[in-house]
Amino acid sequence: MLTLLSYTMIVCFMYLVMSKRLSPLVALILVPVAFASLGGFATQLGPLIKLILKCVKGDPLKIVIGTAVLGICVGLDGDGATTYIITTAALLPLYRRTGMSLQVLATVLLLTNGVMNILPWAGPFSRAASAMHVDITELFMEMLPLMIAGAGWVIFAAFYLGGRERRRLGVVQLDHDEVMSHFTEFKLTDWRFLFNAVLTVTLITMMMLSLMPLPILFMLAFGLGVLVNFPSVKDQKEVIGKYADNVMAVTLLIFAAGIFVGIMSGTGMIKAISESLIHVIPESAGHFMSVITAFLSMPFTYVLTNDAFYFGILPILAETASHYGIGAKEMAIAGLIGQPVHLLSPLVASTYLLCGLLDLDYGDNQRASIGWSIGTCLVMFVAAIAIGTIDVFN
């Protein structure tokens, strides 16, 4: 039965491509999934946005605060790329219509992701918990007040940046229909709009539930979206070609970042950094290892991968700290405080994606956002001291 299904799938694929009913790219994505579902393998494979758009209208201050709120909500899935894609798709036309700075949009999204990237199902949290051998639930309960404090800082930053944009531009008078008309870039028939809405909600839901790997989800959604909105092969080729340059640029940057990391790992540079770090810290500072770790986590997660820091450096720091009565959980928390700065690292692919989506210079984005990101770390650090999560009086 499986053999018959395989041959039938190949024949179906060849027919759809050769008859030009589907482009090869769309067929490669959708045909195997359809036949996998027939074979019983399917299980293996914006209402909020509308509300925010309705509330913010043409007020730059409200728009930036709405950006922060939407970024935090979408960021609940713990994935930066998802947050950037969904939020920019919803708000970019509004930013352009009002003449607001796209750098403000990028900075606020980076700040929201810096906080939400510490959720238990995000990569850094699981690495820190695993490296320190601490219970994930207990660690999260300790981190939650710090994340709330960080989110408060994000809202403050959005208020400040939005106020600055309001002073520069004033309030642009937009009625509700005009705001919503900029929600999509092209006109859709009612049934296609409904299909796209269902497709988007389904994609977001499946991402949040982690039913399939993120690349597969986006490929499936892309294939279905292109097929329905651009039925002819000619239109499919045109829309793919329209955005191919941006996709290729981001892809090349990601591969280049991989080369950077590979050379640092393969040549032993990361190990050398780890060893030199231990020699630099004086033994008299041992009682403040968690404080030192919290501050070191900012530059070191910037220049190193999360794997290198949490599995290479943090255990060494924690071993030293244990001699002074500092527990593994406290060290895990200290190590996570630098995550907002980590997102600006040249090793983080999603930041290249954000700059590509908004057509921003990567260096300009670094300069505009780094101070605010450090601010998030400092607010979280102060919150940790205030509630005793990090004990400076050990």
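## Q236 and helix α12

In this predicted model, Q236 belongs to helix α12, which covers residues 233–266. With a relative accessibility of 0%, Q236 counts as buried, and its C-alpha atom is separated by 6.4 Å from that of V226, although the two residues are 10 apart along the chain.

## Overall composition

The secondary structure of the protein chain consists of 19 helices and 0 strands. Of its 394 residues, 45% are buried, while the accessible surface of the chain amounts to about 19300 Å², with 69% of that area belonging to carbon and sulfur atoms.

## The largest nonpolar core

In soluble globular proteins, nonpolar side chains tend to be buried together. Here the largest nonpolar core holds 73 residues, and L139 and M143 are the members that touch the most others within it. Helix α6 (residues 102–116) supplies the largest share of this core, namely 10 residues. Because residues are contributed both by domain 1 (1–233) and by domain 2 (235–387), the core lies between the two domains.

## Aromatic pairs

A pair of aromatic rings is described by the distance of the centres and the angle of the planes. The structure holds 7 aromatic pairs. One of them joins W153 and F156, whose ring centres are 5.4 Å apart and whose planes meet at 35°, so that the pair is classed as tilted. The two residues are 3 positions apart in helix α8, and therefore about one helical turn separates W153 from F156. F156 has a relative accessible area of 43%, which means that this residue is partly exposed.

The rings of Y352 and Y362 also form a pair, with centres 4.6 Å apart and planes at 15°; since stacked pairs have planes under 30 degrees apart, this pair is stacked. It links distant parts of the chain, as Y352 lies in helix α18 and Y362 in helix α19, with their positions 10 residues apart in the numbering. Both Y352 and Y362 are buried. Returning to W153 and F156, these residues belong together with Y160 and W372 to one aromatic cluster.

## A nonpolar patch on the surface

Which residues form a nonpolar patch on the surface? The patch is made up of M141, L144 and I148, which together have about 290 Å² of accessible area. M141 is located in helix α8, spanning residues 136–169. Its relative accessible area is 52%, and because the cut-off for an exposed residue is over 50%, M141 counts as exposed.

## Loop residues with positive phi

Most residues other than glycine have a negative phi. Against that background, H133 has a phi near 55°, a positive value in a residue other than glycine. H133 is placed in the loop between α7 (123–132) and α8, and with 72% relative accessibility H133 is exposed.

A second residue to consider is D359, whose phi is likewise positive, near 55°, and which is not a glycine. D359 sits in the loop that connects α18 (349–358) with α19 (362–387). Is D359 buried or exposed? The relative accessible area of D359 is 71%, so this residue is exposed.

Terms used:
Residues are numbered from 1 along each chain as its sequence is written. This is a predicted model: local features need pLDDT of at least 70, side-chain atom pairs count only at pLDDT 80 or more; totals for chains, interfaces and linings use all residues. Side-chain values use heavy atoms; hydrogens and water are left out. Patches are made of residues with over 30% relative accessible area and no salt bridge: like charges are joined within 9 Å, nonpolar side chains (Val, Leu, Ile, Met, Phe, Trp, Tyr) within 5 Å. Accessible areas come from the Shrake-Rupley method with a 1.4 Å probe; for residues, only the protein chains shown count as cover. A salt bridge is a side-chain nitrogen of Lys or Arg within 4 Å of a carboxyl oxygen of Asp or Glu. Helices (H or I, at least four residues) and strands (E, at least two) are DSSP runs, numbered from the N terminus. Buried means under 20% relative accessible area, exposed over 50%, partly exposed in between (1.4 Å probe, protein chains only). Rings of Phe, Tyr and Trp (its six-membered ring) pair if their centres lie within 6.5 Å; planes under 30 degrees apart count as stacked, over 60 as edge-to-face and the rest as tilted. A nonpolar core is a set of buried Ala, Val, Leu, Ile, Met, Phe, Trp, Tyr and Cys residues joined through side-chain atoms within 4.5 Å. Domain bounds come from an automatic or database domain assignment.
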